[in-house]
Amino acid sequence: MELSTRRLAHIYSEGTPKERRALYDVSIDVPPGSFYAIIGHTGSGKSTLIQHLNGLLKPTSGSVKIGGTTIQPDEKGKRLKEIRKQVGMVFQYPEHQLFEETIEKDICFGPRNFGISEKEAKRRAKESLEKVGLGEEYLQRSPFELSGGQMRRVAIAGVLAMKPDVLILDEPTAGLDPSGRHDMMDLFLSLQQEQNITIILVTHSMEDAARYADHIIVMSGGTVYMEGIPTEIFGQEDKLQAVGLDIPESTRFLKSLQERFGTSVETGYTEDAVVDIIERLMKAGNVQ
Ligand SMILES: Nc1ncnc2c1ncn2[C@@H]1O[C@H](COP(=O)(O)OP(=O)(O)OP(=O)(O)O)[C@@H](O)[C@H]1O
Ligand SMILES: [Mg+2]
């Protein structure tokens, strides 16, 4: 399913003393099956933008197109429920939203709410638990006996049980240790590559954006500042620094290798590219 926005603007508490323009002139296109990362300094409008992509917020002006449905400022809301089924949203610290006594009941909650039969909801609970890497032996356990990373997987399984075409994740790896972060990111990659789910990831990790995304949107001050493939984005260090962002450590390291040895970097800006270039330098006898 394709998502797009045209000249999207959002003002919180319009017409009150607390009025705040959070987004303006945002026009983006997210093709089906892609892996998008949205990066940007705190307060740049990332969360406000993604909440328009599943109908949680309505535009103040402009429009949002979600599949065949166009949402404009006068949208009455009856079609929004259907959209929320197709575009799943995982908020930051989703484990805080777990509340049922068993994992099965928790995962079934969303589908049941959308009128899916108990039998089908249970079938989906088992299936989505498997997708997030937990076996069916977890179904009857309490979500509160799990580790933080496992709880987060259960919360994501609850969203997957709705069978969304698009999964939007707002800083899903915040607070996880490095190996938990890696596993979580690999999970999103497998959902995109094996289940063909479009992934839209809001992240403060430049490493994750460089490594996993096929397209990056950089937000600044409520609008799109840059967009492109990771090598294009992270090739412009000065421009990123101007809006308070950094390049990934691996990119910095590659650049210094390049300066030191005069090697060209054409493989990208990820950790794998660092390994490749060191291998080449070793073979060439530059590094012992
Ligand atoms: N519910 C709200 N009411 C009023 N203003 C808000 C609300 N939510 C966000 N804002 C304001 O809108 C702007 C954009 O906020 P948003 O949360 O979209 O940024 P963000 O890029 O997600 O930031 P962060 O990286 O800190 O999560 C900020 O100036 C913020 O203060
Ligand atoms: Mg945010």
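Colleague: Hi! How much area does the protein chain expose, and what share of it do carbon and sulfur atoms supply?
Modeller: About 13900 Å² is exposed, with 47% supplied by carbon and sulfur atoms; the areas come from the Shrake-Rupley method with a 1.4 Å probe. This is a predicted model, where local features need pLDDT of at least 70, side-chain atom pairs count only at pLDDT 80 or more, and totals for chains, interfaces and linings use all residues. Residues are numbered from 1 along each chain as its sequence is written, and side-chain values use heavy atoms, leaving out hydrogens and water.

Colleague: Thanks! How many helices and strands are there?
Modeller: The protein chain has 11 helices and 11 strands, taken as DSSP runs (helices H or I, at least four residues; strands E, at least two) and numbered from the N terminus.

Colleague: And what percentage of the residues count as buried?
Modeller: Of the 288 residues, 50% do, where buried means under 20% relative accessible area (1.4 Å probe, protein chains only).

Colleague: Let's look at strand 8. Is it mostly covered or open?
Modeller: Mostly covered: five of the five residues in strand 8, residues 166-170, are buried. V166, I168 and D170 point one way, L167 and L169 the other.

Colleague: Nice. Which strands pair with strand 8?
Modeller: Strand 7 (residues 87-90) pairs with strand 8 in the parallel sense over four bridges, and strand 9 (residues 198-202) also pairs with strand 8 in the parallel sense, over five bridges. Pairing takes at least two bridges found by DSSP.

Colleague: Which residue in strand 8 is the bridge partner of M89?
Modeller: That's I168. On the strand 9 side, V166 stands opposite T198.

Notes: Chains are lettered from A and ligands numbered from 1 in the order in which they are written.
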